[in-house]
Each structure stands twice: as C-alpha cells, then as structure tokens.
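User: I am new to this structure and would like to know how its labels are justified.

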Amino acid sequence: MLSVRPRAGATGAFPVRGHELLGWLALAAAVLHVGLLLGVDHRVVEHVKLTAPRYEFAGIIALFTLLFLTPPAGAAVRWRFWSRHRNFQAAHVGAACLLVVTLAVHVVATDRYVHGRAHLVAYTLLSGIVLLGLLRARAQRQPAQQPSRFLRGLVFGRHSRLVLGIVLGSLVALLALMRAGTTLTLREPFLRRGDRLVLDFPHDKHRSVNCILCHHNFTDQSGADSCISCHRSGRAAIQVGAEARFHDFCLGCHRDPPAYLTGHGPVTGCDTCHAPLSGAAIRSGS
C-alpha cells in the first residue's frame, strides 16, 4: 500500500529493492509450491493437462503473470522492453491486476485455504483493497489552485483511463467469485476427459453414510447406468460434470460433515483416492 518510487515530498515510501525482493520471494514460493505438488502427489500432473479444471488454469496464468512481473521489472532489463517509464508502469499495474484476480480464482475454487463464507468475504475484501491500492495519485509539489479531475490526478499519464478500467474490471471479477455456484463452475474442465482415472474408493469405510447421498439415481430413477456415463452425457439436466461433482462430494463431506459422522479425516491429496486398486477393490469390481 506504500508508494514504491515516490516523487519529491512524498512520505512513507517503500524501498524499490525491497519491492523487487518481495516479487522474487513470491515467485520462488510459487515455483516451490508447484514443484512440491508435482513431486509428492503424482496425480497432480493431471492438473496441468487440457482436461484440468478451470481454476488450475487460473493458477497457471497467475504463475506466468508473476514471471512477467518479476524478471523484466529489473532496471537492467526494463529499458529493453519499455522506453518510457509510464508505459512500464501501466503494463506492470495491469499485470498486477491480472495476478490478483487469477490468484483469487485459484485459491477460492481450490477451497483449501479460503473455506467458508467469512473467509471468502475477507479474502475478497483484501484483494479489492490491493487493487484499489494500485491507483496512485500524483504527488503535489505545490498546493493546487483548483481541484484536479480524478484521472488527471493519477500517476499513469495518458494511460490513466486504461489503468482505471482494468482495476474496476478486476473488482467486478472479484465480486463475481462470491456468487453461489461460481466455485463449482470453476471446478469444471475446459475439455472433458474421455478416459477414466483409477479410483480406489473404500466403500467399507463409508458405511455410515447413506448410499443415496451419492447414488441419487436409485431414488429419483434418473438413470440406471453408471455415474460417469450420466455426468459426462451432456444431458441438459446435468449441470455439473463428473469431476466437479465428485470432488465436491469428497471435499464437502470431509470438510463439513454431518453431525452424526465421526472419525473422518481430511482430503490430503489426489493420491488418497486416485491410487492403484487394491485386491479387494478389484475383486468387488469397484
């Protein structure tokens, strides 16, 4: 929220080197996050394919945006791409807005770190404050005789209108994340998977759960075939695909279980369920 490169007379400045260091630390943390996931949980590689859910693509875009914000921003490289500081400033702020929005999509839809309505509101509010903090006002060397227009008071010069539009559009995108059903939609893949992933679901550990919570077609007679064949059929009545629906079942029940369920554990990773079939599962035809 502090000015990074203040003009004369500005106070509360944040050192440019400190700003650059924060960028490199954020990039290192993001690379470490991706590297550890791919190394520890082998099924995570499915989340970098075209059949990955939409929120994973948002995370990939956020990573590349962070790459754009960090190495090219160094003084030795910056002038090779931007001959004028105002052009660099506008591009940097625009990319920062994209980073905030794509990161919010990734974090909110993952539902691991921001869970529940209160967390969602707090995260959205914090992200909105960050976006508004990007709108820097010009430092007045002398008291202005007349109040200047808002756009003229920004530091982006002729790019002020563009930057303001990007910030306001980003705020609208953040607010859209708070709509009911948005998270489930973001878990849908852009390209539907044709094959089936190995799934070793231990039915014997879930006997306390009523079967029709998942197998609803036994009661509403909506279909006599398998879950996958129905949820990938493209029927108009099927609003959520197989991956998004099944993951929502698992994550939702393990995070917010009914009061009568005890002894449940967290969903720790993809390999927990997408593991090689056990002998018992193969014999039972699961």
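The turns below set computed values against the definitions behind them.

Analyst: This is a predicted model, in which local features need pLDDT of at least 70, side-chain atom pairs count only at pLDDT 80 or more, and totals for chains, interfaces and linings use all residues. Residues are numbered from 1 along each chain as its sequence is written, and side-chain values use heavy atoms, with hydrogens and water left out.

User: Why is alanine 73 called buried?

Analyst: Buried means under 20% relative accessible area, exposed over 50%, and partly exposed in between (1.4 Å probe, protein chains only). Alanine 73 has 10% relative accessibility, and therefore counts as buried. Alanine 73 sits in the loop between helix H2 (54-69) and helix H3 (75-81), and its C-alpha lies 8.1 Å from that of glutamate 20, although the two are 53 residues apart in sequence.

User: Why does valine 34 count as partly exposed?

Analyst: Valine 34, which belongs to helix H1 (residues 16-40), has 32% relative accessibility, so it counts as partly exposed.

User: What makes up the nonpolar patch on the surface that includes Val34?

Analyst: Patches are made of residues with over 30% relative accessible area and no salt bridge (a side-chain nitrogen of Lys or Arg within 4 Å of a carboxyl oxygen of Asp or Glu), and nonpolar side chains (Val, Leu, Ile, Met, Phe, Trp, Tyr) are joined within 5 Å, like charges within 9 Å. Here the patch is formed by Val34, Leu38, Val45 and Val48, which together have about 280 Å² of accessible area, an area that comes from the Shrake-Rupley method with a 1.4 Å probe.

Methods. Helix = DSSP H or I, 4+ residues; strand = E, 2+ residues; numbered from the N terminus.
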